Amino acid sequence: MGSALRDMCGAELKYRFVFVSSRDCDLTDYAATLRYFNIVAPDAVIHLAAAVGGLFKNMRCKVDMFETNVRINMNVLRVCHELGVSKVVSCLSTCIFPDDKTKTEKINEAMLHAGPPHSSNDAYAYAKRMLEVQSRCYREQYGHNFVCVIPTNIYGPHDNFHLDDAHVIPALIHKCCLAKQQGVPLVVAGSGAPLRQFIYSRDLALLLIWTLEHYDATSSADGDGDAGILILSVDPADEISIRQVVQHIAEAVGFDNDIIYDTSQADGQFKKTADNSKFKRLYGSSRFTFTPIRHGLRETVQWFVQNYQDARK
Ligand code: GFB
């Protein structure tokens, strides 16, 4: 997401962006974070820094997912409070919602704490839920304009394409390119039946700026139990199966060999259908145009093929 904002910010003249990556500052270290933020002296912060990964990394690295994210979030919001940053937009993920709710209902902002998340990513989910709690505490105690957005699964250029740790789309793009090169079948983990809503990183970059400018902790759109949180997602109708994603990726890569579904590997959460009606209410009649997934996938495959040497993998 940071890179998608960087790609976009050339056109954005209203703000001077300073991008902080883990090479610039160790956000798990409070003193280093305070020192760095003191130098930058930001007016507003878009907080995207996190230890992330796909289903299999989340299942394998629960301690890192929990501790690293809690440390980063504690330091970033604390320092923003101490330096009087006027607005913070933090990023959660729809995987943090109660798993039971996802089985029978569309998930909305007010449900966030209404039950345990899916076991495959509970460490990451609780750390991110605490970021929402921490933001709310700063609002209640100090009146800070600290809000949280909750996107669905994000994909796009500059992603991490690691074969084991990546999210489904970058992992499968990498696997599909290798399978095409080697002339072997593409092996997909799981049954292919789970459903997901995918948002293109470039769309989300635009919506993060929109949130910075238009969604505040005192928003009139907030109802009971959903103050300061906003789901950013394509419509529920645009939810697709992993199997359909695989078809679109194979098409974009130009892969026409066999596709094998390895059901010995986990499917994870079956679905987490996000209700985006609060966002649509706020965004108004002009309706945000999301990039169709086949178009986004084509651009992402092109980017990966052209940047294979330098891509994270
Ligand atoms: O993006 P993903 O790893 O995570 O997608 P979640 C997982 C789905 O894709 C599962 C299938 O149904 C997998 O069985 N899949 C098929 C694969 N092949 C592959 C593959 O090669 N790699 C991966 N990774 N999946 C994550 C949360 O859940 O969603 C994170 O664990 C985060 O914390 C992310 O919130 C947005 O969508 O299941």
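Q: Helices are DSSP runs of H or I with at least four residues, numbered from the N terminus. In this predicted model, which helix gives the largest share of the shell around the ligand?
A: Helix α7 gives the largest share, with four residues.

Q: Which residues are closest to the ligand, and how many surround it?
A: The ligand is surrounded by 24 residues, and the closest are L55, K175, R196, A266 and D267. A residue joins this group if one of its heavy atoms lies within 4 Å of the ligand.

Q: What makes the pair formed by L55 and the ligand a polar contact?
A: A polar backbone atom of L55 is 2.8 Å from an oxygen atom of the ligand. The cut-off for a pair of N or O atoms is 3.5 Å, so the pair qualifies.

Q: How do you know that N121 and A166 also make polar contacts with the ligand?
A: In N121, a polar side-chain atom lies 3.2 Å from an oxygen atom of the ligand. In A166, a backbone N or O atom lies 3.0 Å from a nitrogen atom of the ligand. Both values are within 3.5 Å, therefore both pairs count.

Q: How much of the ligand does the protein bury?
A: The ligand taken alone exposes 710 Å², and the protein buries 98% of that.

Q: Which elements give two or more residues to the shell around the ligand?
A: They are α3 (55–60), α7 (168–182) and β5 (186–189). By kind, the residues of the shell comprise 13 nonpolar, seven polar and four charged.

Q: How many disulfides does the whole structure hold, and what is the nearest cysteine sulfur to that of C148?
A: The search finds zero disulfides. For C148, the nearest cysteine sulfur belongs to C91 and is 9.0 Å away.

Q: Why is C177 not bonded to C176?
A: The two sulfur atoms are 6.2 Å apart, whereas a disulfide requires them to be within 2.5 Å; the separation is therefore too far for a bond.

Q: Why are C148 and C177 called buried?
A: The relative accessible area is 1% for C148 and 17% for C177. Buried means under 20%, so both residues meet the definition.

Q: What span does helix α9 reach, and what span is expected?
A: Helix α9 (residues 242–253) has twelve residues and reaches 16 Å from first to last C-alpha, close to the expected 16 Å.

Q: Which residues of α9 are buried, and what phi does G254 take just after α9?
A: The buried residues in α9 are I242, V245, V246, H248, I249, A250 and V253. G254, just after α9, takes a positive phi of about 80 degrees.

Key:
Residues are numbered from 1 along each chain as its sequence is written. This is a predicted model: local features need pLDDT of at least 70, side-chain atom pairs count only at pLDDT 80 or more; totals for chains, interfaces and linings use all residues. Side-chain values use heavy atoms; hydrogens and water are left out. A polar contact is a pair of N or O atoms within 3.5 Å; within protein, one must be able to donate a hydrogen and the other to accept it, and residues adjacent in sequence count only if both atoms are side-chain atoms. Accessible areas come from the Shrake-Rupley method with a 1.4 Å probe; for residues, only the protein chains shown count as cover. Ala, Val, Leu, Ile, Met, Phe, Trp, Tyr, Cys and Pro count as nonpolar, Asp, Glu, Lys and Arg as charged, and the others, Gly among them, as polar. Buried means under 20% relative accessible area, exposed over 50%, partly exposed in between (1.4 Å probe, protein chains only). The expected span of a helix is 1.5 Å times one less than its number of residues.
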